[in-house]
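Open the model in a viewer and keep the selection panel at hand. The tour goes from stop to stop, saying what to select and what is found there.

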Amino acid sequence: MNTGFTQYLARLILRLCQWLARTLGESKGAESLRGDLDESIDRSTNATLRASLAHLRDTLSTTIYWWRPATRAARGRAAAPIKPRESAMYNALEDVHSGLRILFRRRGFKSAVLLTLGLGIGATTTIFSVVDTVLLRPLPYAAADRLMALGTTFPDQPWRKDAAGLRRLAGVSVRNFADWRERATSFDHLAALESRGALLPDVGRGLEIGSAASVTAGFLELLSVKMHLGRSFLAEDFEANAPPVRLLSYSIWRDRYGADSSILGEPGQAGAAEVVVGVLAPDFKLPEAIRNETPDIWWPLKEGSPRYLNRGMRSLFVLGRLAPHATLETAREEMDVLAVELAEEFPDGNVIHDGRAFGVGVNGLKAQTIGGAARLLGLFFGAAGLLMLVALLNSTNLMLVRALARRREFEVRQALGAGRARLSLLLITESVTLALCGGLIGVGLARLGVGAFVRLSPQSMPRLAEVALDVRVVSLALLMSSLLGLLVGVLASWGLGTGLSLEGLRSRAQAVAAPSQLRSGLVVCQLAIAVMLLVGASLLMVSFLNVASFDPGFEPKGLWTFSAPLKSGPQDVGNLWRRWDAMLEAVGSVPAAGVTQVAASSNLPFQDPNWAPAILLEGQSFEEMTTGTAGYVITPNFPEVARIPLLRGRGLSAADSSGSAQVALVNETFATQHFGNIDVVGERLRLSRDDDRLDTVEIVGVLGNVVHNRVEDGYQPAIYRPYTQEDWPRAWITFRRDEDGAGMGMATQGLSLSTATTDAVREAAATISPIAPAADLAPLNSRIQRTRAEPLFRTTLLVSFSLVATILAVLGLYGTLSHLVSRRRKEIGIRIALGAHTRGVMTLVASRGALLTGAGLVLGLLGSWVTTRLLSAYLFGVESMSPEALAIGVGALALASMTATLLPARRAALTDPAENLRAE
């Protein structure tokens with residue numbers, strides 16, 4: 001610390017002591033204290049921080065003694081001398097001063113304890129900050145615990161697999177929503193939102209499509225939305241003949257409209273009919289259960305529109321607030337009954353071909369928002385807790401070793417009259433002081449950790465924008481530090497044993513206590529926890545390697561993709577394939593792009609398919625209809641461009657036009673799942689659609705399996721239809737470039753495009769789709785990496801925790817063995833003097849380390865048998881007690897423990913017996 005600043009701080013403390021001393025009145029003790037202070041202040045040019053702290057301790061103790069009730073009552077009768085050194089406060093301050101002295105003097109011991117506790121508290125505080133925000137803190141809406149999410153449930157998929165107790169919700173039709181609102185008594189208010197798109201004002205980048213939403217009456221009020229400018233929607237805005245109006249989000253008003261208040265009452269876009277009537281408050285955020293981003297444009301949903309008459313058009317996300325008398329269970333029961341009633345009254349759109357009716361699902365809005373993140377955060381918090389336990393055990397071991405090293409000091413204190421309670425209080429106070437300092441370090445690490453967690457966490461983690469290290473969490477961390485310090489002090493004082501006596505003081509030899517069993521037990525527990533974390537981290541690591549090495553079924557290298565909306569108006573219906581052809585021709589003819597092959601599809605691999613037709617084989621009844629098949633609309637050359645192998649039959653061709661026989665390709669999984677083999681060419685099947693139409697198609701070929709969404713889901717059945725026989729309004733354009741990339745500004749791995757190339761592709765796309773042309777142009781590999789972000793993140797986090805725990809545990813083993821060598825230095829010296837071989841001396845120490853390591857491995861493996869069951873939901877291609885994962889975890893700890901054992905063993909073997917005997 002800077003000397004000038006230290007002296008300034010010391011003088012400041014002395015002045016504070018002098019001011020406190022003036023409040024003590026006239027007494028012998030006060031006059032003596034003031035005299036000492038005046039003398040010290042006169043010499044303040046050379047004041048030291050340690051001396052100033054000692055004065056502060058004496059002054060505080062004297063002040064508290066003087067102002068306590070018994071002393072005040074005695075002032076009028078006699079001027080009793082103050083005896084600060086007999087007060088409990090003096091003793092406590094003395095212990096704190098002792099703890100601070102340790103910080104200044106024992107830097108190695110201090111650094112070990114502070115770093116150990118800091119790491120444990122930092123990791124735990126980081127994860128708790130996320131858990132507190134995501135799981136514990138209520139959503140930022142009025143009566144958030146009463147808000148519910150409602151949706152349609154399919155007969156064969158009522159519950160979600162990623163989160164217990166949550167129903168799988170799909171969209172709701174406007175007509176069904178209106179009936180729910182009219183008949184349901186479990187909700188005092190129901191409102192709905194429909195996601196849409198909207199043209200954003202041109203700010204020099206061309207027209208772009210932004211996010212928009214239409215909402216029913218009361219939706220914004222249900223979420224307690226406040227307005228920054230203007231007004232919200234009125235009841236009359238939802239009437240069929242009402243003038244069209246719109247609301248703007250704060251960000252779009254600021255970025256696109258230049259925060260111009262005069263926009264109110266004006267059209268929100270050139271050529272648009274809607275008038276802007278308000279701007280939402282900047283702090284409003286739509287619940288992530290509805291969508292991940294808050295819409296830019298808001299419209300009133302006019303339920304009387306003819307487009308909403310079809311009950312099979314499920315486009316609404318519904319929110320409701322429970323009535324005071326209702327609970328989640330009673331609401332679910334009522335909505336189940338209501339679903340049956342609507343299916344009987346309005347079967348069109350509410351009943352599928354086999355007679356099964358759609359249901360109604362109700363989930364808590366917070367639970368719907370959190371989803372499967374609760375289980376994952378519980379895993380992280382458990383791992384952080386185990387790391388904290390290792391830090392606690394390690395700190396206790398360090399404090400105990402330090403207490404043993406001070407044994408002679410404690411015996412001197414005991415000889416001078418200090419009792420066992422006084423000595424225990426000294427250890428506890430010192431450990432609490434150290435723990436609080438470690439807690440401050442942990443809070444600093446947690447601040448960095450929270451920022452890193454938010455940056456590296458996958459986008460699937462909810463409520464990340466709200467995560468922060470606030471005062472509540474910091475206070476809890478410091479309180480936890482104090483409690484940990486108290487626990488460490490109690491364990492260290494108890495482990496010191498009852499062997500303190502004057503005999504040890506009379507002996508010239510260094511006395512040795514017998515709490516080696518306690519220290520050994522602490523080391524074994526640390527090693528066991530490290531094994532549990534290592535095995536869990538190994539399982540996740542093997543699982544992630546399986547995910548990364550899994551064959552996707554196609555060749556993504558060199559593939560670039562972008563999305564293009566191709567429907568420009570009603571005139572395109574039935575002829576959208578012509579616009580597909582025009583887009584392919586435009587992109588393929590760009591000279592600067594170096595495109596060698598170009599194709600299109602309705603969806604890409606590693607994306608959630610947006611078409612999932614129900615399948616009915618020939619001869620099957622509607623009761624046998626199956627779902628879960630991914631549907632793709634493709635151009636004939638898509639398998640060739642993506643390099644998906646054709647296993648049987650033929651591929652699609654230009655002859656498969658809109659007027660020819662309906663055909664399809666299926667993948668290998670579809671063939672084996674539905675027909676038992678892959679020789680299915682010529683088989684016929686029927687596809688069910690949302691409009692209740694059944695299309696009969698013939699299978700003309702079988703393609704290889706391709707990952708549709710995530711590798712963890714494995715290969716799923718898929719069917720591919722020609723783009724000329726399916727009227728699909730949006731296409732994903734896929735093109736492959738020359739792999740040498742010569743003269744095109746392209747990295748050889750196909751991971752980057754030059755600006756000129758990107759602009760050329762977008763200009764070509766704009767000739768066919770002028771709205772946001774190729775705005776999401778990206779290599780297909782980047783989309784694959786997004787699906788691996790979550791398994792990579794949880795693997796990295798758990799591996800980090802396990803490595804830190806292993807380092808702490810191995811250091812604990814090293815410290816214990818080193819202390820053992822120092823205790824038995826005389827014995828080892830005599831053994832060597834009598835002719836003991838070096839190998840025998842090393843074996844003496846190594847056997848002790850091997851015993852501790854073996855015990856830790858056995859206990860750790862037993863604990864892993866329980867804890868790895870919690871990881872089963874996150875594993876792919878590996879069992880929860882996989883031998884290879886066990887071998888990695890056990891081998892890593894055994895190797896590290898061997899290193900920690902051999903170092904003290906070698907030091908013992910190099911002991912100089914003559915030096916030890918001379919010391920005696």
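The stops below run from the nonpolar cores to salt bridges, a surface patch and a few single residues. The model is a predicted one.

**Stop 1: the main core**

Select I127, L377, F380, F453, M461, L797 and F801. These residues have the most contacts inside the largest nonpolar core, which has 58 residues. Helices α6, α12 (373-405), α14, α15, α17 (516-549) and α23 (789-823) each supply at least two residues of this core. Which helix gives the largest share? That is α12, with 14 residues.

Now center on F453. Setting aside neighbours within four places in sequence, F453 is in contact with I127, V130, L377, F380, M461, L464, F793 and L797.

A second core, separate from the one just shown, has 40 residues. To find this second core, select W560, F562, L685 and V761, which are among its residues.

**Stop 2: a salt-bridge network**

Move to D132, in helix α6 (residues 107-136). Is D132 buried or exposed? D132 is buried, because its relative accessibility is 3%, under the 20% cut-off. Show the residues around D132: beyond its neighbours within four places in sequence, contacts are made with R137, D470, R472 and V473.

The side chains of D132 and R137 form a salt bridge, at 2.9 Å from N to O. R137 is partly exposed, at 24% relative accessibility. Add D470 and R472 to the selection: together with D132 and R137, they are linked in a network of salt bridges.

**Stop 3: two more salt bridges**

The structure has 21 salt bridges by the rule used here. Side chains of opposite charge can pair when their charged atoms come close.

Select R463 and E466, whose side chains meet in a salt bridge of 2.8 Å, N to O. R463 is buried at 1% relative accessibility, while E466 is partly exposed at 26%.

Next select E618 and R684. Their closest N and O atoms are 3.6 Å apart in a salt bridge. This pair links distant parts of the chain, 66 residues apart: E618 is in the loop between β12 (614-617) and β13 (630-634), and R684 is in strand β16 (residues 684-688). E618 counts as exposed, at 51% relative accessibility, and R684 as partly exposed, at 35%.

**Stop 4: a nonpolar patch**

Switch to a surface view and select L476, L479, L483, L486 and V490. They form a nonpolar surface patch with about 420 Å² of accessible area together. V490 belongs to helix α15 (residues 471-495) and is partly exposed, with a relative accessible area of 38%.

From V490, draw a distance to T429. Their C-alpha atoms are 9.9 Å apart, with these positions 61 residues apart along the chain. T429 sits in helix α14 (residues 420-456) and counts as buried, at 14% relative accessibility.

**Stop 5: a loop residue and two cysteines**

Select R824, in the loop between α23 and α24 (825-833). R824 is partly exposed at 25% relative accessibility. Not counting residues up to four places away in sequence, R824 touches R831 and L844. The C-alpha atoms of R824 and A908 are 9.1 Å apart, although the two residues are 84 apart in sequence.

Last, select C437 and C525. C437 is partly exposed at 23% relative accessibility, and C525 is partly exposed at 35%. How many disulfides does the structure hold? The count is zero.

Note on methods. Residues are numbered from 1 along each chain as its sequence is written. This is a predicted model: local features need pLDDT of at least 70, side-chain atom pairs count only at pLDDT 80 or more; totals for chains, interfaces and linings use all residues. Side-chain values use heavy atoms; hydrogens and water are left out. Helices (H or I, at least four residues) and strands (E, at least two) are DSSP runs, numbered from the N terminus. Buried means under 20% relative accessible area, exposed over 50%, partly exposed in between (1.4 Å probe, protein chains only). Patches are made of residues with over 30% relative accessible area and no salt bridge: like charges are joined within 9 Å, nonpolar side chains (Val, Leu, Ile, Met, Phe, Trp, Tyr) within 5 Å. Accessible areas come from the Shrake-Rupley method with a 1.4 Å probe; for residues, only the protein chains shown count as cover. A salt bridge is a side-chain nitrogen of Lys or Arg within 4 Å of a carboxyl oxygen of Asp or Glu. A disulfide is a pair of cysteine sulfur atoms within 2.5 Å. Contact means heavy atoms within 4.5 Å. A nonpolar core is a set of buried Ala, Val, Leu, Ile, Met, Phe, Trp, Tyr and Cys residues joined through side-chain atoms within 4.5 Å.
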